[in-house]
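This report covers one strand and its neighbours, then one contact between chains.

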Amino acid sequence: MLYFLGRRIISALSVVFVTLVATFALFFVAPTDPAGAICGARNCPPDRLAEIRAGLGLDEPKVKQFTSYLEGLVAGRTYVNGGVERDCAAPCLGYSFKNDRPVLDMLKERLPVTISLVAGAAVIMLTVGVTIGSMAAKRRGTAGDRALVTSTLIVSSIPYYIVALMISLYLTIFYPILPRGQWTSPFDSPGKWIAGFVTPWLVLGLVNTTQYVRYSRGSMVESLSEDYIRTARAKGLSDRVVTYKHALRTALIPVITIFGLDVAGMLAGAIFTERIFDLPGLGQLVLQSLVNYDLPVIMGTVLISSIFLVAANLVVDIVYSLIDPRVRLS
Amino acid sequence: MTEPTPDDRKDAMSETAAEQPAEAKRGPEVATRERRQGALSPSGETPYLVVEDLTVKFPTADGVVSAVNGLSYSVPLGRTLAIVGESGSGKSVSSMAVMGLHDPRRSKITGSIRLGGDELVGMPEADLMKVRGDAVSMVFQDPQSSLHPLYTVGKQIAEAYLVHHKVSKEVAKKRTLEMLDLVGIPNPARRFNQYPHEFSGGMRQRAMIAMGLVNDPKLVIADEPTTALDVTVQAQILDLLNNLQKEFGSAIVLITHDLGVVAEMADDVLVMYAGRCVEYGTAEDVLANPRMPYTWGLLESIPTVSAANERLRPIKGLPPSLLNLPSGCSFNPRCPYKDRVKGERCTTDLPELLPVDGAGLHTSRCHLPDKASIYETEVLPRLG
Amino acid sequence: MSDTVRPIDQAPSNAETLLQIRDLKMHFPIKEAAGLARTKKVVQAVDGVSFDLKAGASLGLVGESGCGKSTTGRMITRLLTPTSGQILFKGTDIARLKEKDLRPFRRQLQIVFQDPYSSLNPRQTVSNIISTPLRVHNLVKKGKELARVQELLERVGLNPEHHNRYPNEFSGGQRQRIGIARALAVEPEVIIADEPVSALDVSIQAQVMNLLEDLRRDLGIAFVFIAHDLGVVRHFCDTVAVMYLGKIVEQGPREQIYGAPQHPYTQALLSAAPDLGTIRGIPPKERIRLVGDVPSPIDPPSGCRFRTRCWKAEDICATQEPLLEGKPQSTPGHAAACHFAEPKLDLTAATA
């Protein structure tokens with residue numbers, strides 16, 4: 001177990017490092033000069049450009065730039081912007097000159113919003129998806145099952161942003177049945193936090209649920225046809241125990257894999273949901289920095305996403321070994 | 001639970017129960033009728049399980065699969081009935097019906113299955129659950145896939161006990177440890193907390209047997225219990241089943257394709273082909289004096305360790321499709337003797353299950369007039 | 001194996017030796033975590049197996065699951081590369097040949113698998129399955145393929161008109177015939193049959209056995225026949241090697257192995273095997289019941305690997321590994337790896 005964890009963490013770190021190098025390369029493959037982009041003005045005065053370059057360290061050799069970036073990650077660094085020294089404490093993910101703030105501070109501000117959104121939606125996805133999927137699997141072949149499978153197919157074949165936009169438009173604006181999206185910290189006011197998230201949770205959660213209905217239905221159909229399910233029934237266990245204890249436990253294994261990766265992906269930015277419900281999360285930040293060509297922020301968000309993905313993989317593997325005794329972490 | 005059987009049948013039942021065999025007094029006709037109704041076991045003892053005219057059909061997109069057609073048999077306590085047949089013969093399907101394990105939405109079951117007098121066909125699921133695993137339990141073929149991979153072996157056995165007994169977990173654990181010990185699993189306390197993948201094949205099957213017997217069932221259905229095991233381990237498991245039966249006195253229905261296993265275990269033997277019983281009698285009747293060409297074919301096609309270096313004599317052709325059974329005797333397309341029956345009876349009339357010597361409890365389903373002499377003069381010499 | 005023992009109606013003793021297997025070993029490495037470190041262990045699946053196969057002969061490899069019989073078969077056809085040892089095919093060692101050099105030998109050494117369901121590609125027609133090896137080895141002219149496929153189908157007892165069907169349209173026995181036709185297509189000299197009939201019902205099993213026997217007689221193909229069923233092996237093989245935990249424990253002509261087995265394991269196997277006599281009610285003279293299961297091939301017992309289940313085991317069995325050798329009383333060609341080997345004669349009931 002220890003050996004496994006050690007090895008996995010090392011491999012995870014190397015994945016993150018590779019991502020880092022790749023995103024760093026963004027600076028140089030980018031079609032425009034980052035300094036020019038930061039300067040913003042069409043005819044940027046050359047001295048201003050040189051100043052930005054020096055402040056960013058863009059006049060250094062590329063390898064040096066990368067090592068100072070890494071140094072910043074570990075020990076922090078300072079940038080010079082408009083003649084003023086800006087401190088970027090470790091772990092320094094870069095400095096946004098557009099906003100005149102360290103990238104990390106911006107991420108820190110956005111992260112709680114995205115985490116709130118994703119956590120609520122994830123709970124809905126998993127519980128509702130697996131429950132409905134299991135019920136459908138038990139009644140497979142019946143009219144209800146077929147209707148359910150068809151409807152989930154229809155919902156998931158419409159682009160998500162259209163569904164989300166329609167719901168938000170009709171149910172929060174034209175017929176305001178549901179509250180509008182709004183960010184309040186749960187520590188300030190839990191009630192407001194919930195109210196502000198109910199609609200995004202339902203939309204993001206339920207639309208993704210349709211996929212989980214299909215995953216878990218398929219997985220349950222397989223699990224229910226296993227020999228050990230017949231054994232369980234032959235013991236005299238009730239249908240409920242057989243389905244939700246014996247069959248579900250094995251059926252969950254593949255579902256959890258997909259779930260882990262989905263959650264990681266959503267954490268990296270549920271862009272449409274945040275945009276439509278106007279939630280100041282990571283996704284919105286990505287969007288803004290893309291529009292503003294704010295490269296340090298883009299790099300920071302890419303780094304965070306890759307960390308989420310790698311961590312999710314690790315968590316999924318550990319959960320695997322907890323569910324399945326045959327999986328030995330080695 | 002009331003018994004929905006007609007009165008005359010009930011009489012036949014109570015008569016056997018009260019008077020004991022008394023075969024000679026009643027004469028051949030009575031015995032035959034009762035036999036056909038499954039009320040009499042080939043031994044003449046009072047049966048615990050009585051299956052009468054059982055039919056199991058599965059409607060599918062391609063048509064109705066007739067998996068079991070009018071099967072009748074009975075098993076008294078303390079006796080072992082082996083149901084022999086090849087894949088698709090209906091031997092497993094019929095036993096799953098006894099356990100009530102067929103999905104009612106996907107199958108149609110008619111006839112009667114009486115367990116100690118209680119009718120199981122049509123019994124509500126809630127009542128059936130109380131019978132399953134308690135009065136009747138099942139040991140499956142492949143212990144690897146039949147045990148849940150994610151629960152410890154001990155937990156799975158204790159669970160079977162807890163379903164039918166209102167006791168604490170500690171009591172159930174104590175009972176489980178006793179059972180593990182009884183089936184010859186060394187170091188039960190450690191084994192209790194292990195998962196199936198940590199057991200060897202033989203040990204897994206012992207654990208399955210412990211699970212099957214934990215509630216002291218009166219009837220155990222063993223579906224190919226040794227097929228997945230190695231031959232030296234198979235012998236151990238068969239010995240174990242034999243010994244446990246002596247100790248618990250339960251009735252056993254043993255489903256197998258292996259006549260070697262039948263010879264080791266069975267008191268009575270029922271041979272199935274294409275969903276029907278084609279021969280039924282005591283083990284001695286069926287194995288030493290078979291009276292049905294299919295049984296002969298089975299015996300002749302076994303490659304044995306002692307037989308001379310002779311060519312095997314397979315049964316020609318393939319088993320029929322259960323979607324479309326041949327008319328007449330289901331075995332007729334593969335039967336090498338059908339030309340000896342006058343007319344086209346083999347292809348037009350389904351033979352009845354009749355006593356082989358005009359009376360008695362050894363029955364077979366075949367139009368051949370002189371089965372005994374064909375067996376003695378033709379089949380037996382070939383068997384060596 | 002000696003040349004002097006040749007049971008009747010088998011390959012003549014002057015036949016060419018096709019295969020010489022010498023001290024073949026297959027050790028699979030496995031990794032196990034132990035705290036922060038990792039230990040490397042090996043599964044000794046096959047540990048020093050040697051035998052000869054003559055043209056047209058048939059050797060049976062018998063044993064229980066995990067004894068290494070299938071692994072041996074896979075090494076001979078080079079589906080696995082042995083850890084060490086030699087596989088001499090007509091004098092050429094093919095144990096380490098590279099894929100390119102191996103190709104002509106692949107044609108000569110064909111394998112038939114146990115499971116007729118998973119060993120045929122469900123998306124290919126029978127014709128395609130059988131003609132692929134023909135094309136790979138350039139054995140047939142363009143345009144003549146179908147004729148050859150149909151000839152092969154007829155040879156294995158299938159309707160040649162069915163060449164365009166898919167495997168799922170056939171029963172288990174028929175699929176096994178397709179597998180055999182595929183192996184026959186390249187006109188091999190040796191067929192490794194890995195449990196070819198154990199997935200089949202008994203009446204169908206006999207049909208396939210007879211087919212294999214015809215092929216051996218008519219085409220002179222030599223067989224290595226791998227099975228756990230002693231009855232099947234007796235019917236098909238002129239020499240038999242009994243394997244236990246990766247080693248051959250007894251080897252010899254069929255009559256000796258079945259009539260006067262010397263190794264306790266062979267005796268136990270025979271005693272546990274069903275027999276028409278016992279089936280028909282004649283009780284066997286003696287029953288040997290082994291206790292326990294086969295030990296793990298990761299840490300096999302020291303000395304004689306069978307000693308943990310053997311009723312004859314003494315101290316020497318734990319310290320000294322018995323060699324596979326002929327005993328003074330043995331017929332030539334009959335060898336047993338046991339310190340206390342002695343023939344037992346009454347294990348199979350007389351049926352006459």
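In this predicted model, the side chains of strand β7 (residues 190-194) of chain C fall into two sets: C:Val190, C:Ile192 and C:Asp194 point one way, while C:Ile191 and C:Ala193 point the other way. Residues on both faces of β7(C) are buried, C:Asp194 among them. With five of its five residues buried, β7(C) is largely enclosed by the rest of the structure. Buried here means that 20 or more other C-beta atoms lie within 10 Å of the residue's own.

β7(C) pairs with strand β6 (residues 109-112) of chain C and is also joined to strand β8 (residues 222-227) of chain C. The two pairings are set out below.

| Partner of β7(C) | Sense | Bridges | Residues facing each other |
|---|---|---|---|
| β6(C), residues 109-112 | parallel | four bridges | C:Val112 and C:Ala193 |
| β8(C), residues 222-227 | parallel | five bridges | C:Phe225 and C:Ala193 |

C:Ala193 thus appears in both rows, as the bridge partner of C:Val112 and opposite C:Phe225. Between β7(C) and β8(C) the chain passes through helix α6 (residues 202-219) of chain C, and this β-α-β crossover is right-handed.

Chain C also touches chain B, in a contact that takes 38 residues from chain C and 39 residues from chain B. On the chain B side, the elements that give two or more residues are α9 (201-213), α10 (231-248), α11 (259-265), α12 (283-288) and α13 (293-301). α10(B) provides the largest share of that side, seven residues. By class, the side of chain B that touches chain C consists of 19 nonpolar, 13 polar and seven charged residues.

Methods: Residues numbered from 1 in each chain as written. Chains lettered and ligands numbered in written order. Predicted model: local features only at pLDDT ≥ 70, side-chain atom pairs only at ≥ 80, totals over all residues. Contact = placed C-beta atoms within 7 Å. Nonpolar A, V, L, I, M, F, W, Y, C, P; charged D, E, K, R; others polar. Buried ≥ 20, exposed ≤ 12 C-beta atoms within 10 Å, placed from the backbone. Pairing = 2+ DSSP bridges. Right-handed = clockwise from strand over helix to strand, strands pointing away.
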